[in-house]
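Biologist: I have not looked at this one before. Can you take me through it?

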Amino acid sequence: MKKYNFNPGPSMLPREVIENTAKQILNFNGSGLSLMEVSHRSSDFQAVVDESESLIKELLDIPAGYSVLFLGGGASTQFMEIPANFLIKKAAYLNTGNWANKAEKEAKLFGDVVEVASSKADNYTYIPKKFDIPTDADYLHITTNNTIYGTELRKDLDSPIPLIADMSSDIMSRPVDVSKYDAIYAGAQKNLAMAGVTLVIVKDDKLGRAPRELPTMVDYRTHVKKGSMFNTPPVVPIYSLMETMKWLKKEGGVKEMDRRAKERAKILYDEIDRNKLFRGTVQKEDRSLMNICFVMNDDYKDLEKPFLDFATARGIVGVKGHRSVGGFRASCYNAMTVEGVNTLVKAMKDFEAEH
């Protein structure tokens, strides 16, 4: 049976990325060595890092003056490294979900933090629209997509101060004006690669200003200077990232990914709004295109597990919602196909017909 992978992360990757990476795990560039055991100092692997960096810069149209880093530790480590490197006197945070809340908590360890707005009291069912951004803050931190609750900032904010963004779950799904940001970071396990590498894009002339001595590994300048090679990088995940970026470029780049994301989301949200068994969980204007969350209508709560079983029997994987929201979550990252979404919609229609 064909499987349709809606897992929120680690998530679906293009099949050719998996196959090409698997081949290199067996024999890297004809060397007779596995990609898992090749030296990260070798010229063959340096070429992988160089091409990955070049593709990221090309696909996101990154202007001069920014460095692209491939680090370990996941986005959660960046919750600490961002304020360590960028917080001078005060930082502003927009609290739109669980991960945004955690990032804000970490920043408070390094200085004054202003929460400009929050939708926490309403279980993050919307993204606050009207809020004041303190012009004396060093940066405004945003989380562009909220995987748990299913809200998304699909456009770059107009901000009087530089932006820093956690784009872990929607990077490469739309064009981004990188020049508006001091830093962008993203865990790879959604749209970039297999889990294990973290992408960081930093504006070079904003580094080294923080009034604190930083541990070597925390200082972004360490990794800029060494080209992400200060210590052993996550070799296999970086290779899978390169393969994913090659696939993305071949498929039409971020503009095409944006078009596909809108197409997939419309198909599924239209069915959620039509089907009497289901309802969406967030305000429509803030609906995520990456993580589509929905629950059973109140009159049909007892059908939640039967629907999960029904969907699983059709090869639909990973649609159980996060415990904070319940219900269902269909994660539709770049590699998800319209066929996969239509399969889920067909299951929803057929289940409705039975009940």
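Modeller: What follows covers strands, loops, cysteines and empty space, in that order. This is a predicted model, where local features need pLDDT of at least 70, side-chain atom pairs count only at pLDDT 80 or more, and totals for chains, interfaces and linings use all residues. Residues are numbered from 1 along each chain as its sequence is written, and side-chain values use heavy atoms, with hydrogens and water left out.

Biologist: Strands, then. How many bridges join β3 to β4?

Modeller: 6 bridges join β3 (residues 90–95) to β4 (residues 112–118), and the two run parallel. Strands here are DSSP runs of E with at least two residues, helices are runs of H or I with at least four, and both are numbered from the N terminus. Two strands pair if DSSP finds at least two bridges between them. Y93 has E115 as its bridge partner in β4.

Biologist: Which helix makes a unit with β3 and β4?

Modeller: Helix α4 (residues 98–107), and the β-α-β unit is right-handed. That term means that, with the strands pointing away from the viewer, the path from the first strand over the helix to the second runs clockwise.

Biologist: What about β5, what does Y93 stand opposite there?

Modeller: Y93 stands opposite H141 in β5. β3 and β5 run parallel and are joined by 2 bridges. β5 also pairs with β8 in the parallel sense, over 4 bridges, and L140 stands opposite L163 of β8.

Biologist: Are the faces of β5 covered or open?

Modeller: Both are covered: L140 and I142 on one side, and H141 and T143 on the other, are all buried. Buried means under 20% relative accessible area, exposed over 50%, and partly exposed in between, using a 1.4 Å probe and protein chains only.

Biologist: Switching to loops. Which residues does the cis peptide bond join?

Modeller: G9 and P10, with omega at about -5 degrees. P10 is in the loop between β1 (4–5) and α1 (15–26). Most residues other than glycine have a negative phi, and most peptide bonds are trans.

Biologist: What is the phi of N123?

Modeller: Positive, about 55 degrees, although N123 is not a glycine. N123 lies in the loop between β4 and β5 (140–143) and is partly exposed at 36% relative accessible area. S228, also not a glycine, has a positive phi of about 65 degrees. S228 sits between α5 (220–225) and α6 (235–251) in a loop, and counts as buried at 5% relative accessibility.

Biologist: Now cysteines. How many disulfides does the count come to?

Modeller: The count comes to 0, where a disulfide is a pair of cysteine sulfur atoms within 2.5 Å.

Biologist: Why is there no bond for C293?

Modeller: Because the closest cysteine sulfur, in C332, is 10 Å from the sulfur of C293, too far for a bond. C293 is buried at 5% relative accessibility, and C332 is buried at 0%.

Biologist: Last topic, empty space. How many cavities of 30 Å³ or more does the structure hold?

Modeller: It holds 1. On a 1 Å grid over the protein atoms alone, a cavity is a set of points where a 1.4 Å probe fits but cannot get out, and lining residues have an atom within 4 Å of a point. Points are joined across faces, edges and corners, and the volume is the space filled by probe spheres set on them. About 30 Å³ lies in the largest cavity.

Biologist: Which residues line the largest cavity?

Modeller: M12, L13, P14, K190, N191, T244, W247, N334 and A335.

How values were computed. 1 Å grid on protein atoms, 1.4 Å probe; cavity = no way out; pocket = protein on both sides within 12 Å on 5 of 7 lines; lining within 4 Å.
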